[in-house]
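I am keeping these notes while I look through a protein structure for the first time. I want to write down what I looked up, in the order in which I looked it up.

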Amino acid sequence: MAWKSFLRSLLFTIGVVIGLLAHNPAMAAPETARETIVRAILTMDDGQRRAIIGSLAGQGDEAIRELFTAWRQDSLFIYTSPAGDKIPVELTDDKDANGAQAAIRVDNGEPLKDAAGQPLRLVGTKLVAVEHDAKLRRAMRSIVDLLDLGSPVLAKRVQAIQTLGVAQKPDKLPVLQARSQVETDAEARLALREAIALIQLADPSDTIKLKALDELRELHSSHSYDLIKAAQAKAVANTKPEVAAAAGAALAAIDHHKSVVKFFGTLFRGLSAGSILLVVALGLAITFGLMGVINMAHGEMITVGAYATYITQHVFGEGMDFTLPFVRIAIHLPGLHLTGWAYQLYFLAAIPIGFLSAALVGIALERSVIRFLYRRPLESLLATFGVSLILQQLFKLTFGSNNVNVDSPVYLSSNWTVFDITFDWNRVFVIGFAAVIVFGVWLALTKTPLGLLIRCVMQNRTMAACMGVRTERVNMLTFGLGSGLAGLAGVFVTQLGTVGPSMGQEYIVDSFMTVVVGGVGSIFGTVVSALGIGLADQSIQQILLNPVLGKILVLVAIILFLQWRPTGLFSARSRSLD
């Protein structure tokens, strides 16, 4: 009887392999999954029935899971028509007063109908339950476990492959090898290579283990690290130095790959953090570095840009409710009720809106407060600090004290994975747009009439006034430009975190340090300083695994640097500074 059991298992495995090889996305199978299940139900021989079920392996049709579940739960029946045809059906919960139930055909998923084409209701006396035993249930469970191997969704397919590999069950090896013959996606093929090697790692033959370890060393995937380590410990315990050495080499390759991924991931996150800091500090480099105004409300310009993005999102959607401060009047801002890609464009619209909103607030601040405090740094510091507190309270009264979320548009919500390094699209966008902003500011200051006026007023305000330059207007536009750049930073910050009334305070100290380290008045120095501080901050946080301690060390390093070089990296010199 042992040879019969072996023959049945062999038939099932052959059916599984044939099913996987036949399931090629480029060529449709001649028989649907439902039709195959009907054939299995109507087959009387148990071995053939299991072989037919095994041929469904690798198909991603969800009907397989549903029908196998109904079969194991005794919910499938065979109906014999008046013409003598045997039709497998699944009963529904729809019953009439006599207890007759509507039925769904297994072969096509449509309601069972009579000769006149009308829905047919059945009672238990006309039905025969489809039988199953333990071996058949195991066969069905095996197919369900392999169902996601044929899923059209790549993520589900890869997850199923990785699950089978980690399980290290030898009976799944032919299935994965067969799937590797028809798989077309590169990511899934790599997952199949790793899963096959992991199963071979559990093989009793040292030759197969060594081959598997060579494959895993080449793949250097972190998913296999623990299993390789366990295999190394087992080889050491069994005095197999060659296998232990190969396992050690595979572990070393994975560790090296992890360090490379960590290095470039930290570099990427540092560049994105530095880009945000750069846009914030660029506006401060204009208001503080060029104009000499210590604006403690610069962080609130970031908040203005962030809330402008939040409002824009709701205007493109269903609108929003908010409360006017002081008068406590509830206002409903109507929305455009856009959907699809029209709604997703809200973030692109928020970029100029955030810039203009912060620029207008900055101009109002300059006209009402700052213009009376030029060349009076202490008074401007105290006054703008008071303005920042007032603006924070206005934000709380208008939008509430709790942070709010701005949804990322679909074109910034995903990521690229290159050599296991994840590049989030929103961070890539921030880096690229920061580069565009830096180039635009350089063009504005060096290639436009306004830039010429800004530079001459900042270098010698009195001489510029004597030459007929309207210095007050230049001051207003310059301050508006610096504030608008902070508003742009607020738009970008919404893609990396939540929006709250005091969010600007998280950046104000860092941005002042960036301007001072780069050199007061030096735009190029601000760029170098922002990227350097962003990279240093992310690197130290990764090393110490403590964000607070990392920021403290960066601050100490900046203080020590300024003790050595008080004028910063690139000091700007002019007649007014000599």
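The entries below go from the whole chain to its cores, its rings and one residue on a helix.

**Entry 1: the whole chain.** I noted before anything else that this is a predicted model. I then looked up the elements of the protein chain, and I found 22 helices and nine strands. Of its 578 residues, 44% count as buried, and the accessible surface comes to about 29200 Å², of which 62% belongs to carbon and sulfur atoms. I also looked at contacts between residues at least 6 apart in sequence, and I wrote down that 68% of them join residues at least 24 apart.

**Entry 2: confidence.** How high is the mean pLDDT of the protein chain? I found a mean of 79, with 87% of the residues reaching 70 or more. Among the elements, helix α14 (residues 346-368) has the highest mean pLDDT, 91, while helix α1 (residues 2-22) has the lowest, 51. I marked residues 20-29 for careful reading, since the pLDDT there is below 50, although this stretch still has 17 contacts in the model beyond near neighbours in sequence.

**Entry 3: the nonpolar cores.** I reminded myself that in soluble globular proteins nonpolar side chains tend to be buried together. The largest nonpolar core here has 66 residues, and I437 and F492 are those with the most contacts inside it. Helix α11 (residues 241-290) gives the largest share of this core, 10 residues. Which residues does I437 contact, leaving aside its neighbours within four places in sequence? I listed V279, L282, L485, L488 and F492. There is also a second, separate core of 22 residues, which includes I37, V38, L56 and I78.

**Entry 4: aromatic pairs.** I counted 13 aromatic pairs in the model, and I followed two of them. Y307 and Y310 form an edge-to-face pair, with 6.4 Å from centre to centre and 80° between the planes. Both lie in helix α12 (residues 298-316), three residues apart, which is about one turn of the helix. Are these two tyrosines buried or exposed? Y307 is buried because its relative accessible area of 2% is under 20%, and Y310, with 13%, is buried as well.

The second pair I followed is F429 with F492, where the ring centres are 6.1 Å apart and the planes stand at 85°, so the pair is edge-to-face. This pair links distant parts of the chain, as F429 lies in helix α16 (residues 425-447) and F492 in helix α19 (residues 471-493), 63 residues apart. F492 has 0% relative accessibility and counts as buried.

I came back to Y307 and Y310 once more, and I saw that ring pairs link them with F395 and F399 into a cluster. In another place, I noted that the charged end of K258 sits over the ring of Y225, 4.3 Å from its centre.

**Entry 5: a residue on a helix.** I ended with E218, which is found in helix α9 (residues 206-219). Is E218 buried or exposed? Its relative accessible area is 52%, and because the cut-off for exposed is over 50%, E218 counts as exposed. I also looked up its separation from A253, which is 35 residues away along the chain, and the C-alpha atoms of the two are separated by 7.7 Å.

Definitions and conventions. Residues are numbered from 1 along each chain as its sequence is written. Side-chain values use heavy atoms; hydrogens and water are left out. Helices (H or I, at least four residues) and strands (E, at least two) are DSSP runs, numbered from the N terminus. Buried means under 20% relative accessible area, exposed over 50%, partly exposed in between (1.4 Å probe, protein chains only). Contact means heavy atoms within 4.5 Å. Accessible areas come from the Shrake-Rupley method with a 1.4 Å probe; for residues, only the protein chains shown count as cover. A nonpolar core is a set of buried Ala, Val, Leu, Ile, Met, Phe, Trp, Tyr and Cys residues joined through side-chain atoms within 4.5 Å. Rings of Phe, Tyr and Trp (its six-membered ring) pair if their centres lie within 6.5 Å; planes under 30 degrees apart count as stacked, over 60 as edge-to-face and the rest as tilted. A charge sits over a ring if NZ of Lys or CZ of Arg is within 6 Å of the ring centre and within 35 degrees of the ring normal. pLDDT is the predictor's confidence in each residue, from 0 to 100.
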